[in-house]
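Reader: I would like to learn how to read a model like this one, going feature by feature. Could you take me through it, with the general idea before each case?

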Amino acid sequence: MKHLLEFLWKYNHWLLFIVLEVLAMALLLRFNPYQQSVWLSSAGRVTGTIYEWTDGVTSYFRLKGVNKELSHRNAWLEERVSALERHLREIGDTSAAVQQLPPPYQTIQAQVIKNSLNRVDNYITLDQGAAAGIRPDMGVAGTQGVVGIVYKVSSHYALVLSVLNSRSNISCMIQGSGYFGYLRWEGGDSRYAWLEDLPRHAEFELGDTVVTSGYSAVFPQGVTVGTVDDAVDADDGLSYRLKIRLTTDFGRLDAVRILVRTGREEQKKLEEVE
């Protein structure tokens, strides 16, 4: 109490000045309509600016949640499309469009919790594992295209062999042509990989879209991989090597989908060569 009294006595002139200023301002605004309107207008603008700024900040921090919700919604829609395709086949629709549909795939949603770009062998860690139904050798795709293949799983986590890994080897083809090769990465720029073993008689142009071929139990046909950026002759002189600009931005991976194919284990067992 003593210190408070000492403080009030020491700064009594300033305190009196502030009190009188507040009182004068209150009287001015109370009995002068013009000054009152100016004050309210200015206060409204300041308050509006503050609200706009705080709303922008909160909206920014809500983006991750919104993105996750949209990704889940997208996965749900894809599952509905697959269910519709199965139903059309079951009721005997023999139209060309239905006959060209890929085998039924389901998706498991997951979030990227660890990623690497600057190594020769890069891996991605996901926050879902065996408990969610994820198994090794399942394909992984993002909203922009192919991401990699599940390599190992634990109960609640999965390790993905990224496209940006020297051991990655994904069958891909030039969209609309049927000519296929194998996508490999040689290190360096994370935006590019190479499509190798493409036949010399294959027809293509720079800018053509490259998609998965569907010649495995990992990816269905038609998942986007990238576009043809350049072409060179292979060392054997019998094939092309195409430089592919990947559509997936591996530096900004967030939500991904694991592709689960019905009958995958049966196909793998059948294709085993002793």
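Reader: How many bridges join strand S2 and strand S5, and in which sense do the two strands pair?

Author: The general idea is that two strands count as paired if DSSP finds at least two bridges between them. In this predicted model, strand S2 (residues 121–126) and strand S5 (residues 158–165) are paired over 5 bridges in the antiparallel sense. One position to look up is Leu-126, whose bridge partner in S5 is Ala-158.

Reader: Where do S2 and S5 sit in the closed barrel?

Author: Here one follows the order of pairing from strand to strand. The closed barrel has 6 strands with antiparallel pairing, in the order S1-S2-S5-S4-S3-S12, and the twist from one strand to the next averages 45°. The chain as a whole comes to 5 helices and 12 strands.

Reader: Turning to the helices, is Ile-18 buried, partly exposed or exposed?

Author: Buried means under 20% relative accessible area and exposed means over 50%, with partly exposed in between. Ile-18, which is found in helix H2 (residues 12–31), counts as partly exposed because its relative accessibility is 47%.

Reader: Which residues form a nonpolar patch on the surface with Ile-18?

Author: The patch joins Ile-18 with Tyr-11, Trp-14, Leu-15, Phe-17 and Val-22, and together these residues have about 620 Å² of accessible area. For the whole chain, the accessible surface comes to about 17800 Å², and 57% of that surface belongs to carbon and sulfur atoms, while buried residues make up 31% of the 274 residues.

Note on methods. Residues numbered from 1 in each chain as written. Predicted model: local features only at pLDDT ≥ 70, side-chain atom pairs only at ≥ 80, totals over all residues. Heavy atoms only, no water. Patch = residues over 30% accessible without salt bridge, like charges linked within 9 Å, V, L, I, M, F, W, Y side chains within 5 Å. Areas by Shrake-Rupley, 256 points an atom, 1.4 Å probe, with all protein chains shown as cover. Salt bridge = Lys/Arg side-chain N within 4 Å of Asp/Glu carboxyl O. Helix = DSSP H or I, 4+ residues; strand = E, 2+ residues; numbered from the N terminus. Buried < 20%, exposed > 50% of the residue type's maximum accessible area, 1.4 Å probe, protein only. Axes fitted to C-alpha atoms, helices over the stretch in contact; angles between N-to-C directions.
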